[in-house]
Amino acid sequence: MRESLAEQLSHLTGKSLPEKKESKKKKKFPKVKEEHLVSGNVIFIPLSADEGLVVTGGYTERNKFMTIIGTTEDGFVIGSLLINTNPNDSTLELGACQFPLKVKDYPSILDYDSWLDCSQLFRVAKKKVLSRGEFCGSIIQSDWDLILPFLRETEAISNREKKEFGIIE
């Protein structure tokens, strides 16, 4: 049997191969309840273009972790920030809006270090969150104490949206 490229490089360099990670089972989270719909809580939910997510690869929706920021006065829509595996750093402005989330702080939610994208609020219908969302936990207070002031000051989110979702008065 032929050696893989990685095995050949290992022999040539004397470096050991990285250990293969065992595939992790999909985490199970409970259904979202009304009392979970508060700022700082993390929800796992399929999102689509209807919520403003750019969905590629022939899919109509993607499962995403989102952090609730606030609700509109009528309670119909939830403003949220997405948690991504990789930072959205296609521009300097977007890169400056990425907040690192460490798996050590969120072991029951994350499988690897991730990024909270604070550049855009997504609106998700409350009905959808309650029918299809799963409650994962909350952003830890030390992170929340850094995220909220950033959201108040960033120019990436309009003042109208900040007021609508209770980020500013």
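Student: What makes F29, F44 and F65 a cluster in this predicted model?
Tutor: Ring pairs link F29, F44 and F65. Let us go through the pairs.

Student: How many aromatic pairs does the count give?
Tutor: The count comes to three aromatic pairs. F29 and F44 form a tilted one, at 6.4 Å centre to centre and 50 degrees between the planes.

Student: Why is the pair of F29 and F44 called tilted?
Tutor: Take the distance, then the angle. Ring centres must lie within 6.5 Å to pair, and here they are 6.4 Å apart. Stacked needs under 30 degrees, and edge-to-face needs over 60. The planes of F29 and F44 stand at 50 degrees, so the word that remains is tilted.

Student: What makes this pair a link between distant parts of the chain?
Tutor: F29 is in the loop between α1 (5-13) and β1, while F44 is in strand β1. They are 15 residues apart.

Student: How do you know whether F29 and F44 are buried or exposed?
Tutor: Buried means under 20% relative accessible area. F29 has 14%, so F29 is buried. F44 has 13%, so F44 is buried as well.

Student: What makes the pair of F29 and F65 edge-to-face?
Tutor: Their centres are 6.1 Å apart, within the 6.5 Å limit. Their planes stand at 85 degrees, over 60, so the pair is edge-to-face. This pair also links distant parts of the chain: F29 in the loop between α1 and β1, and F65 in strand β2, 36 residues apart.

Student: Is F65 buried or exposed, and how do you know?
Tutor: F65 has a relative accessible area of 18%. That is under 20%, so F65 is buried.

Student: What makes R62 count as a charge over the ring of Y59?
Tutor: R62 lies over the face of Y59, at 4.4 Å from the ring centre. The limit on that distance is 6 Å.

Student: Strand β1 came up with F44. What makes β1 (residues 41-48) mostly covered?
Tutor: Eight of its eight residues are buried. N41, I43, I45 and L47 point one way, and V42, F44, P46 and S48 the other way.

Student: Why do side chains of a strand alternate in this way?
Tutor: In a regular strand, side chains alternate between the two faces of the sheet.

Student: How do you know that β1 pairs with β6 and β2?
Tutor: Count bridges. Two strands pair if there are at least two bridges between them. Four bridges join β1 to β6, and seven join β1 to β2 (61-71). Both counts reach the cut-off, so β1 pairs with each of them. Both pairings are antiparallel. One bridge puts F44 opposite E134 in β6. Another puts I45 opposite K64 in β2.

Student: What is the strand order in the whole sheet?
Tutor: The sheet is open, has six strands and runs β4-β5-β3-β2-β1-β6, with antiparallel pairing.

Student: What makes β4 and β6 edge strands?
Tutor: β4 (98-101) and β6 (134-138) each have a single partner strand, so one side of each is left without a neighbour in the sheet. Neighbouring strands are turned by 50 degrees against each other on average, direction ignored.

Student: How do you know that β4 pairs with β5?
Tutor: Four bridges join β4 to β5 (residues 114-125), in the antiparallel sense. At least two are needed, so the strands pair. Q98 has D117 in β5 as its bridge partner.

Student: Why is F76 called partly exposed?
Tutor: Partly exposed runs between 20% and 50%. F76 stands at 49%, so F76 belongs there. F76 lies in the loop between β2 and β3 (77-84).

Student: Which residues does F76 touch, beyond those up to four places away in sequence?
Tutor: F76 touches V124, A125 and K126. F76 and K126 are 50 residues apart in sequence, with 5.3 Å between their C-alpha atoms.

Student: What makes T85 partly exposed?
Tutor: T85 has 41% relative accessible area, so T85 falls between 20% and 50%. T85 lies in the loop between β3 and α2 (92-95). Leaving aside neighbours within four places, T85 contacts Y112, D113, S114 and W115. The C-alpha atoms of T85 and S114 are 4.7 Å apart, with their positions 29 residues apart along the chain.

Key:
Residues are numbered from 1 along each chain as its sequence is written. This is a predicted model: local features need pLDDT of at least 70, side-chain atom pairs count only at pLDDT 80 or more; totals for chains, interfaces and linings use all residues. Side-chain values use heavy atoms; hydrogens and water are left out. Axes are lines fitted to C-alpha atoms, for helices over the stretch in contact, and angles run from 0 to 180 degrees between N-to-C directions. Buried means under 20% relative accessible area, exposed over 50%, partly exposed in between (1.4 Å probe, protein chains only). Rings of Phe, Tyr and Trp (its six-membered ring) pair if their centres lie within 6.5 Å; planes under 30 degrees apart count as stacked, over 60 as edge-to-face and the rest as tilted. A charge sits over a ring if NZ of Lys or CZ of Arg is within 6 Å of the ring centre and within 35 degrees of the ring normal. Contact means heavy atoms within 4.5 Å.
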